[in-house]
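Visitor: Got a minute to walk me through this one? I'd like to start with the strands.

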Amino acid sequence: MDGQDLVGAPSELNTARVVLYGPRPEFGPVIVASINRSLPGLRFIGWGQRERAAEFGAEFIAFDLKVWAQGECLVYYAFERDTGAYVGRIDLHSWDFATPRCEVGYVGDVLTAGRGLMREALEATLDHAFHELRLHRVMANYRPENARSANLLARLGFVREGYARDYLFIDGAWRDHVLTSRTNPHFDAAWLRD
Ligand SMILES: CC(C)(COP(=O)(O)OP(=O)(O)OC[C@H]1O[C@@H](n2cnc3c(N)ncnc32)[C@H](O)[C@@H]1OP(=O)(O)O)[C@@H](O)C(=O)NCCC(=O)NCCS
C-alpha cells in the first residue's frame, strides 16, 4: 500500500450509533467548542490552554484536509447518529507503508463521554485500517496517568508492549508513555510488497 490508498479512503464510515466523516470546513467551530469544554481531560495531550483561539478550528481542519490529500494521515470526525452530537476526532498517522503500520490518536468530547461511543468509532476506524487498508499493526501510546485512555485501548484489544521514558514533550516537560499495539490476525503475507 502507499499514500494513494489513504487519499482514496472513504469520507464516511458508519456504526450502529456513530457516523464518521472526513474533515470538512464546517467542523472547525465544532472542534473549537469541543476543545474548550473538554479542557481538563486534554491536559494529557497538551491541548489544555494553548489552542483556544477561535481561528484554531479553521487551521485545524485545513491541516487535516492537507495531510489527507497528501496521503500522510487519515482523520475522522465522529458524530452520534441520532442526536448529531459531536463525539470526537480520530486520526491514523505516522504511516509506514512498507511494514505496513501506523499510529492512532483520538480525542473525545466530554458531553458524549462514558457511553462507549468513542470505542465504537475507533472500532470502525480500526476495522477499515485492518481490512480495507490491509494494515498489519496499529500502535497507540498513552501517558501512564491517562487511565481512561488505558481502559479504552484495553477494551479495543490493544496490548502493552513497552514503556518509553521521556517520549513526548507535552506541557513544558518530557512525558513517559506506555506503548501498545493491536495486530491484524487476518493479515495475508501476500499483501506485502516485494
Ligand atoms: C480517552 C477518551 C477518548 C476516553 O473516553 P471514554 O468516554 O472513556 O470512552 P468511551 O466513550 O468509549 O466510554 C467508555 C465508557 O463508557 C461505558 N459504556 C457505556 N456504554 C457502553 C457501550 N455500549 N460500549 C462500551 N462502553 C460503554 C464503559 O463502561 C466505559 O467506561 P469504563 O472505561 O469505566 O469501563 C477520553 O477520555 C478523552 O478524550 N481524553 C482526552 C484525550 C486523550 O487522552 N486522548 C488519548 C491520548 S493517548
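Visitor: How many bridges join S5 to strand S6, and do they run parallel or antiparallel?
Guide: S5 and S6, the latter spanning residues 137–142, are joined by 3 bridges and run parallel. Bear in mind that this is a predicted model.

Visitor: Which residue in S6 does cysteine 102 stand opposite?
Guide: Cysteine 102 faces valine 138 there.

Visitor: What does the chain cross through on the way from S5 to S6?
Guide: Helix H5, residues 117–132. The resulting β-α-β crossover is right-handed.

Visitor: What about S4 and S5, which sense do they pair in?
Guide: Antiparallel, over 7 bridges. Strand S4 covers residues 86–96. One of the pairs puts arginine 89 across from valine 107 in S5.

Visitor: How many residues does the hairpin between S4 and S5 go through?
Guide: The hairpin connects them through 4 residues.

Visitor: Where does proline 100 lie?
Guide: In the loop between S4 and S5. The peptide bond joining threonine 99 to proline 100 is cis, with omega about -15°. Most peptide bonds are trans.

Visitor: Back to S5 itself. Why call it largely enclosed?
Guide: Strand S5 runs over residues 101–108, and 6 of its 8 residues are buried, so the rest of the structure largely encloses it. Buried here means under 20% relative accessible area.

Visitor: Switching to the ligand. Which residues come nearest?
Guide: Tyr106, Gly108, Gly114, Asn146 and Arg155, out of 21 residues around the ligand.

Visitor: Which elements each supply at least two residues of that shell?
Guide: S5, H5, S6 and helix H6, which is 147–155. H6 gives the most, with 5 residues.

Visitor: How does the shell divide into nonpolar, polar and charged?
Guide: There are 8 nonpolar residues, 8 polar and 5 charged.

Visitor: And the polar contacts, what does glycine 114 do?
Guide: A backbone N or O atom of glycine 114 sits 2.7 Å from a ligand oxygen atom. Asparagine 146 uses its side chain instead: a polar atom there is 2.8 Å from an oxygen atom of the ligand. For arginine 17, a polar side-chain atom is 3.5 Å from a ligand nitrogen atom.

Visitor: How much of the ligand does the protein bury?
Guide: The protein buries 72% of the 950 Å² that the ligand exposes when taken alone.

Visitor: New topic, backbone oddities. What is phi at aspartate 166?
Guide: Near 50°, a positive value in a residue other than glycine. Most residues other than glycine have a negative phi. Aspartate 166 belongs to strand S7, residues 159–170.

Visitor: How exposed is aspartate 166?
Guide: Partly exposed, at 43% relative accessible area.

Visitor: What about aspartate 171 and its phi?
Guide: Phi of aspartate 171 is also positive, near 50°. Aspartate 171 is in the loop between S7 and strand S8, which is 173–183. Its relative accessible area is 47%, so aspartate 171 counts as partly exposed.

Visitor: Last one, threonine 180. Buried or exposed?
Guide: Buried, at 4% relative accessibility. Threonine 180 is part of strand S8.

Visitor: How far apart are threonine 180 and glutamate 59 in space?
Guide: 30 Å, C-alpha to C-alpha. In sequence, threonine 180 and glutamate 59 are 121 residues apart.

Note on methods. Residues numbered from 1 in each chain as written. Predicted model: local features only at pLDDT ≥ 70, side-chain atom pairs only at ≥ 80, totals over all residues. Heavy atoms only, no water. Buried < 20%, exposed > 50% of the residue type's maximum accessible area, 1.4 Å probe, protein only. Pairing = 2+ DSSP bridges. Right-handed = clockwise from strand over helix to strand, strands pointing away. Near = heavy atom within 4 Å. Polar contact = N/O pair within 3.5 Å; in protein donor to acceptor, adjacent residues only side chain to side chain. Areas by Shrake-Rupley, 256 points an atom, 1.4 Å probe, with all protein chains shown as cover. Nonpolar A, V, L, I, M, F, W, Y, C, P; charged D, E, K, R; others polar.
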